[in-house]
Amino acid sequence: MVLTLTTDKKGSKISKYIYGQFAEHLGRCIYDGVYVGENSDIPNVNGMRTDVIEALKAVQVPLVRWPGGCFADEYHWKDGVGPKEARKKMINTHWGGVTEDNSFGTHEFFEMLRQIGADAYVNGNVGSGTVEEMQEWVDYMTMPGESPMANFRRENGHDEPFKVAFFGVGNENWGCGGNMRPEYYADLYRRYQTYVRQYGEEKIYKIACGPSVDDYNWMEVLMANAARYMDGISLHHYTIPTGNWQDKGNATGFPESEWVSTMERAQYMDELITKHSHIMDKYDPEKRVGLIVDEWGIWVNVEPGTNPGFLFQQNTIRDAMVAAITFNIFHKHADRVYMANIAQMINVLQAMILTEGDKMVVTPTYHVFDLYKNHQDAESIEIYGEHSDSITCTASKKAGLTTLSICNFSTDQKEELEFKLTEGQFSSLEGQYIAGEKMDSHNSFDEPDVIKIKEFTSYKEVDGKLVVSVPAMSVVTMTFKN
Ligand code: AHR
């Protein structure tokens, strides 16, 4: 099988924001996950755990979405600013009924971003919040001049405005964000977004709540009625191995049939993006409006013995396959998909990082983000040619370096692939990979390196072609100059 990389053609830019993260006030994502407080024994800077921040920096996290998810439409930002001892407590009704003490609020969010070096995606409250509350939050965060809210921010210790790159107007307003009809939400979106004003020099990229999975009617109604008021529209799709929300399948010890169904369901993202893009094209042929897949990932049963509302699950080589398959689909649609946020960053759903007290481990999914980081803001290269159904690959070029990533999600067959270029030759070849021995190979606090990035050497050059032998259950990234 020969696969051709069209190095002579110019492709779309793969937005770095496709590698975004989602951090909700849910379970142990924020608290314990990244924020332990200034007085914790766990090494921290201004309350953010140092080990976690360092790990996130290493994979060049470009942005973080916060405070939810479903939590966003119950969040009242004023409860999370000012002296911590005076902050209001609330019950996190969606997620485990635990007490939220609001010790992580707006200022802490921007401090976390400062330490990671990431941009902000703030999700506003439409479901239970007022227009005034949303307007004031944007004013509080971004107003450089004088205003009651900007002065309130200064009283709370931050003279300069914060930079809000992205603002979401509600979340899942067809469900947990208010159970609205698309016609009603489209009108509310138009109204609320009016008051997401640009106070400073930075333009705020406004994101409308888009459809759940295959709700094409929602996309149609939003695009028909509100496209001109938005910069992006969201899409949520989770990969449920069994397809049954009541019993989603387990993170480990699952049957091979659930491996197969997981791979199929992850690939469904391609059809979803294709069909939603088709609708968007009708109203926005210039592709000005970005498709923002701001929640995606594998969702399985919680780990036995953990709070069902905390959505804590183990992360295996199967998760790594889902990540690679999904990234390759996003790259294919780089002309429309401008951002994506894996759910979620730490200790929740398909997490990058797991923590327990002062222990931390990175997951196979984290390693895929690492293996793919060269693709951020690179120009995509189309690959054509036949390959087996268990192979998915992608390529891009940036600063003279071409990056080729290949995922083989067969459980037992290694695949030999041949690549050729339409222009140039392979030189300075290097490779890295991860692979699993079992379908549920994973890292734990006791064995943190079961899945880790290793040097990849199973390739050779033959008559100007690159011949690569890709192990079963692996993700390989090769770089070369050409
Ligand atoms: O990521 C967990 C939840 O899934 C989010 O809060 C919500 O938006 C979605 O239903």
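Colleague: Which helices and strands each supply at least two residues of the lining of the largest pocket?

Modeller: They are α7 (256–283), α8 (317–332), β16 (379–381), β17 (383–384) and β18 (391–398). Helices (H or I, at least four residues) and strands (E, at least two) are DSSP runs, numbered from the N terminus. This is a predicted model, in which local features need pLDDT of at least 70 and side-chain atom pairs count only at pLDDT 80 or more, while totals for chains, interfaces and linings use all residues. Residues are numbered from 1 along each chain as its sequence is written, and side-chain values use heavy atoms, without hydrogens and water.

Colleague: What makes one space a pocket and another a cavity?

Modeller: On a 1 Å grid over the protein atoms alone, a cavity is a set of points where a 1.4 Å probe fits but cannot get out. A pocket is an open set with protein on both sides within 12 Å along at least five of seven lines, and lining residues have an atom within 4 Å of a point. The largest pocket holds about 760 Å³ of space. Among its 31 lining residues, N328, K332, I383, T392 and C393 are the closest to its centre.

Colleague: How many cavities of 30 Å³ or more are there, and what lines the largest cavity?

Modeller: There are three of that volume or more, and the largest has about 50 Å³ of space. Volume here is the space filled by probe spheres set on grid points, which are joined across faces, edges and corners. The lining consists of Y75, W77, G124, N125, E133, M134, W137 and F167. Helix α3 (residues 131–142) gives the largest share, three residues.

Colleague: Why is the lining of the largest cavity said to have five nonpolar residues, two polar and one charged?

Modeller: Ala, Val, Leu, Ile, Met, Phe, Trp, Tyr, Cys and Pro count as nonpolar, Asp, Glu, Lys and Arg as charged, and the others, Gly among them, as polar. Therefore E133 is the charged one, while G124 and N125 are the polar ones.

Colleague: How do you know that the ligand sits in the second largest pocket?

Modeller: The test is that more than half of a molecule's atoms lie within 2 Å of the grid points. The ligand is placed in that pocket, so it passes. Around the ligand are 13 residues (each with a heavy atom within 4 Å), and E24, C70, E172, Y238 and E295 come nearest.

Colleague: Why is the pair between E24 and the ligand called a polar contact?

Modeller: A polar side-chain atom of E24 is 2.7 Å from an oxygen atom of the ligand. A polar contact is a pair of N or O atoms within 3.5 Å, so this pair counts. A side-chain N or O atom of Q344 is 3.0 Å from a ligand oxygen.

Colleague: What makes the bond from A343 to Q344 stand out?

Modeller: The peptide bond there is cis, with omega near -10°. Q344 is in the loop between β13 (337–343) and β14 (353–356). E172 has phi near 40°, a positive value in a residue other than glycine. Both features stand out because most residues other than glycine have a negative phi, and most peptide bonds are trans.

Methods
Polar contact = N/O pair within 3.5 Å; in protein donor to acceptor, adjacent residues only side chain to side chain.
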